[in-house]
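User: Hey, I'm new to this one. Can you put it up and walk me through it?

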Amino acid sequence: MLGSFTVSRPTELEDALRLIGEDSLAYWGGTELFLAMKMQLLVPDNLVDLKAIRQLSDVRRTDSELVIGAGVTHEQIAEDKTVRESAGLLSSVTARVGNSRVRAQGTIGGNLCFAEPRSDLATALLALDASVDFRSATGQRSLTIPEFMLGPYWTAREPEELLVAVRIPLPAPAGVYLKFQFTERPSVAVAAVESGADQPVRVAIGAVSEIPILVTADDWSGIDAAAIAAGIEPVPDLTGSVSYKRHLVEVLVNKAVAAVQAGVRDV
Ligand SMILES: Cc1cc2nc3c(=O)[nH]c(=O)nc-3n(C[C@H](O)[C@H](O)[C@H](O)COP(=O)(O)OP(=O)(O)OC[C@H]3O[C@@H](n4cnc5c(N)ncnc54)[C@H](O)[C@@H]3O)c2cc1C
């Protein structure tokens, strides 16, 4: 059972910024928040429903970046033509998140702010070199994914800050995203991407350790899957031991790199 709480439904961003804080939590789809509240892990006095703030639901593209509002759902990202044309890997990743209910209700902002360690989006956005924008009643700032993701369920976001948008520099690197899972969330996920000549190749490994990690190299010959697997610190759980998850990392990195080298893109 949920405890008692009030709900505010601002239509303007500035009003939401005045409302949120330690005991007054923002939410969008509620796919994570209500589970945490049912388990009494979060017990807010007030919820600030962001769904009526239209400016947080935009996708727009400039010459240098793709900007996705915090309130855009996985399903909307997967189906958005602008996203597909400029960062196809993200379309593919969001189309495979959880189940259809989670994709329809869950947002990119909620996914990142909750910082569940098996987040597909954190891993993909790390590979894409994305950054996240925050607003508060007193200011704004932008953080890279490594600056933002500090640990399981732990980010650099202050209680009075709202995540308002995710920025992906363009042209976005392209590549493949592979994951292995027994349940609705992955046990291991690997994004391998490249931008073209003279740009480093990037491999992000997520879901397996407390936060996703990034490995870069001048070219694919510099990516050593066995060394990456040996260096990672998997969290053992019911889906696998440390050694099993290291094995999965090595297999998935090798498969992802081979696929990119073979010209596979945006899967
Ligand atoms: C069954 C299930 C399967 C799932 N499978 C996957 C999967 O395969 N891959 C994957 O990546 N994820 C998965 N998820 C997680 C899913 O992606 C997230 O639940 C969803 O994106 C969260 O978005 P939301 O809008 O529902 O967040 P909410 O539940 O509304 O909020 C989550 C948290 O973020 C805070 N918050 C929300 N928006 C903001 C904001 N703009 N600024 C500041 N704080 C904010 C809230 O206060 C809350 O603490 C799964 C979830 C479930 C329940």
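Analyst: Sure, starting with a term: two strands pair if DSSP finds at least two bridges between them. Strands here are DSSP runs (E, at least two residues) and helices are too (H or I, at least four), numbered from the N terminus. This is a predicted model, where local features need pLDDT of at least 70, side-chain atom pairs count only at pLDDT 80 or more, and totals for chains, interfaces and linings use all residues. Residues are numbered from 1 along each chain as its sequence is written.

User: OK, how many bridges join β6 to β7?

Analyst: Six, and β6 (residues 131–136) runs antiparallel to β7. Asp133 sits opposite Ser142 of β7.

User: And what's the strand order in that open sheet?

Analyst: The order is β4-β5-β10-β6-β7, five strands with antiparallel pairing. β4 (59–61) and β7 (139–144) are at the edges with a single partner strand each, so one side of each has no neighbour in the sheet.

User: Switching topic, which residues have the most contacts inside the largest nonpolar core?

Analyst: Ala124, Leu128, Val190 and Ala191, in a core of 74 residues. Helix α11 (residues 242–261) gives the largest share, seven residues. Such a core is a set of buried Ala, Val, Leu, Ile, Met, Phe, Trp, Tyr and Cys residues joined through C-beta atoms within 7 Å; buried means 20 or more other C-beta atoms within 10 Å of a residue's own, with C-beta atoms placed from the backbone.

User: Any domains, and what are their bounds?

Analyst: The domain assignment, which is automatic or from a database, gives domain 1 (6–48), domain 2 (57–169) and domain 3 (174–261). The C-alpha centres of domain 1 and domain 3 are 34 Å apart.

How values were computed
A residue is buried if 20 or more other C-beta atoms lie within 10 Å of its own, exposed if 12 or fewer, and partly exposed in between; C-beta atoms are placed from the backbone.
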